[in-house]
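Below is a brief structural report on one protein chain. It moves from the overall fold to individual side chains.

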Amino acid sequence: MIGTIAAILTTLSFVPQAYQVIKTKDTSGISLGMYIAFVIGVFLWIIHGVNIQDYNLIGANAITFIFASIILTYKIKYK
């Protein structure tokens with residue numbers, strides 16, 4: 001139960017940031033290096049989840065990957 005709540009909170013924590021970036025296209029306060037590393041790290045968690053067949057791990061990280069990738073894309077596009 002604790003892991004599920006943690007996954008939901010950490011995954012949804014990217015929603016406000018992604019919304020703000022999409023709305024304003026302002027990424028000046030976001031570190032490009034951090035988001036590149038983060039997106040790669042989340043992708044690797046997805047691969048790990050697939051390897052161990054942990055669907056909660058895959059699902060939470062897949063959603064996080066989408067939101068973080070949106071933010072990263074805007075950071076690169078509107079640099």
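## Overall fold

The protein has four helices and zero strands. Read from the N terminus, its elements run α-α-α-α. The model is predicted. Its C-alpha trace spans about 35 × 20 × 15 Å along the principal axes.

The protein has 79 residues, and buried residues make up 28% of them. Take the contacts with a separation of 6 or more: residues 24 or more positions apart account for 68% of these.

## Helix α2 and its two faces

Helix α2 covers residues 14-24. Which of its residues are buried? Phe14, Ala18 and Val21 are buried in α2. They sit on the same side of the helix, because they cover an arc of only 65° around the axis. The cover over these buried residues includes α1 (2-12), α3 and α4.

The face turned away from the buried side looks different in its exposure. Pro16, Tyr19 and Lys23 are the exposed residues carried there.

## Aromatic cluster

How many aromatic pairs does the structure hold? There are five aromatic pairs. In one of them, the rings of Phe14 and Tyr35 have their centres 6.5 Å apart. Their planes stand at 90°, so this pair is edge-to-face. The pair links distant parts of the chain: Phe14 belongs to α2, Tyr35 belongs to helix α3 (residues 32-52), and the two positions lie 21 residues apart in numbering.Both Phe14 and Tyr35 are buried, the two positions being 21 residues apart.

Tyr35 takes part in another aromatic pair, with Phe38. Here the centres are 6.5 Å apart and the planes meet at 65°, an edge-to-face arrangement. Tyr35 and Phe38 are three residues apart in helix α3, so about one helical turn separates them. Their exposure can be put in numbers. Tyr35 has 8% relative accessibility and therefore counts as buried. Phe38 has 26%, so Phe38 counts as partly exposed. Phe14, Tyr35 and Phe38 form one aromatic cluster.

## Lys75: a buried charge

Lys75 is found in helix α4, residues 55-77. Lys75 is buried, yet has no salt bridge. Where is the nearest side chain of opposite charge? That side chain is Asp26, 7.4 Å away.

The side chain of Lys75 does reach a backbone oxygen. The partner is Ile30, at 2.9 Å. With neighbours within four places in sequence left aside, Lys75 is in contact with Thr27, Ser28, Ile30 and Leu32. Ile30 thus appears both as a contact of Lys75 and as the residue whose backbone oxygen the Lys75 side chain reaches.

## Positive phi in two loops

Lys25 follows α2 and lies in the loop between α2 and α3. What is the sign of its phi? The phi of Lys25 is positive, about 60°, although Lys25 is not a glycine. At 37% relative accessibility, Lys25 counts as partly exposed.

Gln53 lies in the loop between α3 and α4. Gln53 is not a glycine either, and has a positive phi of about 55°. Its relative accessibility is 58%, so Gln53 counts as exposed.

## Ser13 in the loop between α1 and α2

Ser13 is found in the loop between α1 and α2. At 43% relative accessibility, Ser13 counts as partly exposed. Which backbone oxygen does its side chain reach? The Ser13 side chain reaches that of Thr10, at 2.7 Å.

Ser13 can also be placed against a residue far along the chain. Ser13 and Thr64 are 51 residues apart in sequence. In space, their C-alpha atoms are 8.8 Å apart.

## Summary

Four helices and zero strands make up the element list. Phe14 connects two of the topics above: Phe14 is one of the buried residues of α2 and a member of the aromatic cluster with Tyr35 and Phe38. Lys75 is buried without a salt bridge, while its side chain reaches the backbone oxygen of Ile30. Lys25 and Gln53 each have a positive phi without being glycine.

Note on methods. Residues numbered from 1 in each chain as written. Predicted model: local features only at pLDDT ≥ 70, side-chain atom pairs only at ≥ 80, totals over all residues. Heavy atoms only, no water. Buried < 20%, exposed > 50% of the residue type's maximum accessible area, 1.4 Å probe, protein only. Lys, Arg positive; Asp, Glu negative; His and termini not counted. Salt bridge = Lys/Arg side-chain N within 4 Å of Asp/Glu carboxyl O. Polar contact = N/O pair within 3.5 Å; in protein donor to acceptor, adjacent residues only side chain to side chain. Contact = heavy atoms within 4.5 Å. Phe/Tyr/Trp six-rings, centres within 6.5 Å; stacked < 30°, edge-to-face > 60°. Arc of directions from axis to C-beta.
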